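Biologist: I would like to learn how to read a structure feature by feature, beginning with how covered or open a residue is. Could you please show me the structure and then take me through the terms as we need them?

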Amino acid sequence: MTNPVLTAISERRSIRQYKPEQITEEQLRALLRAAVESPSARNAQPWHFTVVQKSAVLAEVNAEATAILGREGDIFYAAPTAIFISADRASDWAKLDSGIAVQNIALAAQSMGLGSVILGLPAAAFKGPRADYFAGLLKFPATHEFAVAIAVGYPDVTKEAHPVEGGRIDYIR
């Protein structure tokens with residue numbers, strides 16, 4: 001069965017090397033539209049999206065997160081754009097809803113020839129001693145906390161699909 005959505009799902013990869021060229025405003029608007037059109041429990045829309053295209057800000061978040069995690073490297077993989085999703089702390093479903101939104105962004109990016117990688121490592125910067133500073137820097141609403149981020153750009157490399165492990169599906173009919 002050929003279907004553009006199923007094809008995007010099948011062909012999507014987590015990209016960890018990007019070209020320096022910035023995505024277009026049209027592409028960014030399309031990604032954000034895919035995000036805000038995501039379903040959410042009771043249509044609460046408990047998320048906030050912060051687009052960061054300023055490399056100095058990404059470098060600052062990276063430095064904090066990697067220092068806390070005790071690791072080296074760029075957790076954004078030199079992507080020119082990162083979208084941070086913060087979630088309403090009062091909602092039981094906000095982080096799940098944010099996960100749905102980030103997947104919409106990833107699939108939309110794939111459909112436009114862009115690469116992406118969904119990121120959890122930035123969470124360290126929002127849990128460390130400078131958490132409030134970083135939440136303010138990224139303009140999180142006061143009622144929100146970091147949920148997930150996604151790096152987006154033009155892929156500089158790609159990779160083969162990961163092997164799909166068997167035994168992950170059962171039927172009860």
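Modeller: Let us begin with burial: a residue is called buried when its relative accessible area is under 20%, exposed when it is over 50%, and partly exposed in between, using a 1.4 Å probe and protein chains only. Please keep in mind that this is a predicted model, in which local features need pLDDT of at least 70 and side-chain atom pairs count only at pLDDT 80 or more, while totals for chains, interfaces and linings use all residues. Residues are numbered from 1 along each chain as its sequence is written, and side-chain values use heavy atoms, with hydrogens and water left out.

Biologist: What percentage of the 173 residues of the protein chain count as buried?

Modeller: In the protein chain, 41% of the 173 residues count as buried.

Biologist: How should I read the helices and strands, and in what pattern do they follow along the sequence?

Modeller: Helices (H or I, at least four residues) and strands (E, at least two) are DSSP runs, numbered from the N terminus. The protein chain has five helices and four strands, and reading along the sequence gives the pattern α-α-β-α-β-α-β-α-β. The radius of gyration, taken over C-alpha atoms, can be set against a globule rule of 2.2 Å times the number of residues to the power 0.38. For this chain the radius is 17 Å, close to the 16 Å that the rule gives for 173 residues, so the chain is as compact as a globular protein of that length.

Biologist: What share of the contacts between residues at least 6 apart in sequence join residues at least 24 apart?

Modeller: A contact means heavy atoms within 4.5 Å, and among the contacts in the protein chain between residues at least 6 apart in sequence, 83% join residues at least 24 apart.

Biologist: How is a salt bridge recognised, and how many salt bridges does the count come to?

Modeller: A salt bridge is a side-chain nitrogen of Lys or Arg within 4 Å of a carboxyl oxygen of Asp or Glu, and by this rule the count comes to six. One of them joins Arg33 and Glu37, whose closest N and O atoms are 2.7 Å apart; Arg33 is exposed at 55% relative accessibility, and Glu37 is exposed as well, at 52%.

Biologist: Which parts of the chain does the salt bridge between Glu64 and Arg130 tie together?

Modeller: The side chains of Glu64 and Arg130 meet at 3.3 Å, N to O. Glu64 lies in helix α3 (residues 55-69) and Arg130 in the loop between β3 (115-119) and α5 (131-137), so the pair ties together parts that are 66 residues apart in sequence. Glu64 is buried at 11% relative accessibility, whereas Arg130 is partly exposed at 36%. Glu60 also belongs to this picture, since Glu60, Glu64 and Arg130 are linked in a network of salt bridges.

Biologist: Which residues have a positive phi although they are not glycine?

Modeller: Gln45 has a positive phi of about 45 degrees, and Lys139 has a positive phi near 60 degrees. Gln45 lies in the loop between α2 (25-36) and β1 (47-52) and is partly exposed, with a relative accessible area of 39%. Lys139 lies in the loop between α5 and β4, and at 65% relative accessibility Lys139 counts as exposed.
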